[in-house]
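Me: I would like to learn how to read a protein model, feature by feature. Could you take me through this one?

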Protein chains: 2
Amino acid sequence: MIYLDNAATTLHKPPQVARAVVQAMDTMGNAARGAHGGALEASRTVYGTREKLARLFACQRADHVVFTANSTEALNIAINGILHEGDHAISTDCEHNSVLRPLYRLEEERGVGLDFVAADRQGRIDYGDFERLIRCNTKAIVCTHCSNLTGNVLDIARIGEIAHRHGALLIVDASQTAGTIPIDMEKMGVDVLCFTGHKGLMGPQGTGGLCIHSGVEIAPWKVGGSGVHSYDRHQPMEYPTRLEAGTLNGHGIAGLSAALDVILERGVEDIQQMEHGLMRKFYEGVKDIDGVTVYGDFAAPVRGAIVTLNIRDYDSSAVSDALSENYGIATRPGAHCAPRMHRALGTTEQGAVRFSFSCYNTEQEVEEAIRAVREIAAE
Amino acid sequence: MIYLDNAATTLHKPPQVARAVVQAMDTMGNAARGAHGGALEASRTVYGTREKLARLFACQRADHVVFTANSTEALNIAINGILHEGDHAISTDCEHNSVLRPLYRLEEERGVGLDFVAADRQGRIDYGDFERLIRCNTKAIVCTHCSNLTGNVLDIARIGEIAHRHGALLIVDASQTAGTIPIDMEKMGVDVLCFTGHKGLMGPQGTGGLCIHSGVEIAPWKVGGSGVHSYDRHQPMEYPTRLEAGTLNGHGIAGLSAALDVILERGVEDIQQMEHGLMRKFYEGVKDIDGVTVYGDFAAPVRGAIVTLNIRDYDSSAVSDALSENYGIATRPGAHCAPRMHRALGTTEQGAVRFSFSCYNTEQEVEEAIRAVREIAAE
């Protein structure tokens, strides 16, 4: 199988990752519960992983790195824990339902005001819109670093500057960029970074989290056992315990830790450059094929390793099935949980076929994918 | 290390579990996202695991088995999704903070009425109290199947009968019993069973879930990507998608699936009998040692494989440290996130040392633990 569905989950992980998970399953107790060897090893592994994530994203404090099951949970925690009744938030058409649905729910349940920066037919936004939409009660801008549909990257530093100039917080969905495009929370002005472990970070599924800037207050989400302050009726207010009730996925975090070693050693810039090359090669190979429509902004110097396209008026699921069955190429069709972006692109009916690359893909795989698209388009 | 902290997390898993996790990491895409081989394999594994859990717990519908990161998340979902303003709930002194803190929060934030069935100095409850505390607006009884501190097992079938006679739902925390004491949702009248994967089920950390009886409505908790109905502003209302936004821990679930094969093949009764034997042997060996106080009801025919004790007035953490450092025995001291139970036992200051057994422990390990307790008590 030629796996080009890395924006959903990366399949090829560094071999150290599975080894670390197995080792953790053989030796690890419950982190922050007890003081015997197994429990201490779990606590050390978990804390070490916080430190690596803080280093990777330039998060000031390792104890402000909070683990969750995935970025959806991280986004729910950030959005629900920051936006309260009477607040206003700005988001964009580029968002995944993991941002949209929590916001829509707050609009209904807490009367949170919402505005969205519109995307054009190439999925681009006008940064001036953030200025125009901001209000005196704007509490936060919530936006993705990279569209999971078009691969367009948003200029987070520019949005951060606007947010902070107006006293608002910036919550960023880094699901598509953590590990593949450099992120510096300090330089980019990110207050809360929500990430997942199983995509560009190449860790196991069931891992993800938030990196929280000092001074940002997020109300607890799930509450329960904390291993400390057990007689308090409330969840302890210290990070990370404030947002981490229950037993952590220590086994998965151990795998993520091993993946982070590989990424920190190699450097995100190097991974980015390689993936960008594969993406550009594929784009150049398919963009002029008769009947192929590619979506997104390919003039931008920085973008995710995603090329999304349609072939004539063929249903995207049928094309993805043909790629899988006839060519052994894994892609993803349909809506990609990005309803506003499909409306902007005019692809709500057809969906679109997404090719997403990782640093473990090869030029030969890209060539085979180009050939497959050419052949399907010629049918 | 002699690992006797199985009530926190089981360390010894069947070897098939780690193998299944590794295989999943090598082959598995994102469940319910796309239709290529990797994604389909993930979907099949996840659904197969739902079926095994439904079979293990006699849950009528496999599609009503919902995956979460742990039982704390499952309990938060059940409690927050069922109890609304004006409702009343009954719980017990036997609960873990994963039940207590969500309930206390609803009391503050939604005005949910709360009453607790008291425990005596042996951690026993009077079932007549449920009848006495029930009101016309009692929406649910929320209680543990087995105290994580004393190992006392509650008569869930009896509580279920009382709940249903008064039109209330029964939400059960099976953190300490799933996989080690038989559970039949139908026969016991359980409406929502909350379980974790990494304790008695011997699966990886980062797994757990809810089994929901047909007709029980639980409001969505986290919302976001669902892979279906992407244009709807709301989370889809079909189970399990209703409660499962974001990418599942497919790798961990694959490991849980392998563990369930072992448990279903061996039979929970057999595991229960073996663990009960180890627990009884330890109890008989320590109960009469001068200076040792054992907590809990050991006259009951059914109980968890837990023996919690103190030695003289020694701080429980000091005893646990001595067990770890001088004997290589892993136990857990302190509060165990069970504040009401410690108040009932009169151990809030001292905490208590918990010895918890699994089917991978041996009689020889039990004998060594008895010897260690005897020696520490003689100091």
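What follows is a short dialogue on overall shape, the nonpolar cores and two single residues.

Reply: Gladly! Keep in mind that this is a predicted model.

Me: Let's begin with chain A. How many helices and strands are there in chain A?

Reply: Chain A has 12 helices and 12 strands. Its radius of gyration is 21 Å, close to the 21 Å that the globule rule gives for 379 residues, so chain A is as compact as a globular protein of that length. Along the principal axes, the C-alpha atoms of chain A fill a box of roughly 70 × 55 × 30 Å.

Me: What share of the residues of chain A count as buried?

Reply: For chain A the figure is 66% of 379 residues. As for the outside, chain A exposes about 12,500 Å², and carbon and sulfur atoms supply 47% of that area. Contacts can be read by sequence separation too: among those in chain A with a separation of 6 or more, 69% come from residues 24 or more positions apart.

Me: And charge? How far apart are the mean positions of the positive and negative charges of chain A?

Reply: They are 2 Å apart, taken over 35 positive and 48 negative charges.

Me: Now the interior. Which residues have the most contacts inside the largest nonpolar core?

Reply: First the general idea: in soluble globular proteins, nonpolar side chains tend to be buried together. Here the largest nonpolar core has 126 residues, and A:Phe57, A:Leu201, B:Phe57 and B:Leu201 have the most contacts inside it. A second, separate core has 59 residues, including A:Ile171 and B:Val112. Returning to B:Leu201, its contacts beyond four places in sequence include B:Leu53, B:Phe57, B:Phe195 and B:Ile263.

Me: Let's try single residues. Is B:Val353 buried or exposed?

Reply: A residue under 20% relative accessible area is called buried. B:Val353 has 0% relative accessibility, so it counts as buried. B:Val353 sits in strand β12 of chain B, residues 353-356. Among its contacts beyond four places in sequence are B:Val307, B:Leu309, B:Leu323 and B:Thr331. B:Thr331 is 22 residues away along the chain, with 6.7 Å between the two C-alpha atoms.

Me: And B:Gly167: buried or exposed?

Reply: Over 50% relative accessible area is called exposed. With 61%, B:Gly167 is therefore exposed. B:Gly167 lies in the loop between α6 (156-165) and β6 (169-173) of chain B. Its C-alpha atom is 8.0 Å from that of B:Thr138, 29 residues apart along the chain.

How values were computed. Residues are numbered from 1 along each chain as its sequence is written. Chains are lettered from A and ligands numbered from 1 in the order in which they are written. This is a predicted model: local features need pLDDT of at least 70, side-chain atom pairs count only at pLDDT 80 or more; totals for chains, interfaces and linings use all residues. Side-chain values use heavy atoms; hydrogens and water are left out. A nonpolar core is a set of buried Ala, Val, Leu, Ile, Met, Phe, Trp, Tyr and Cys residues joined through side-chain atoms within 4.5 Å. Buried means under 20% relative accessible area, exposed over 50%, partly exposed in between (1.4 Å probe, protein chains only). Contact means heavy atoms within 4.5 Å. Helices (H or I, at least four residues) and strands (E, at least two) are DSSP runs, numbered from the N terminus. The radius of gyration is taken over C-alpha atoms; the globule rule is 2.2 Å times the number of residues to the power 0.38. Accessible areas come from the Shrake-Rupley method with a 1.4 Å probe; for residues, only the protein chains shown count as cover. Lys and Arg count as positive and Asp and Glu as negative; His and the chain ends are not counted. The place of a charge is taken as NZ of Lys, CZ of Arg, CG of Asp or CD of Glu.
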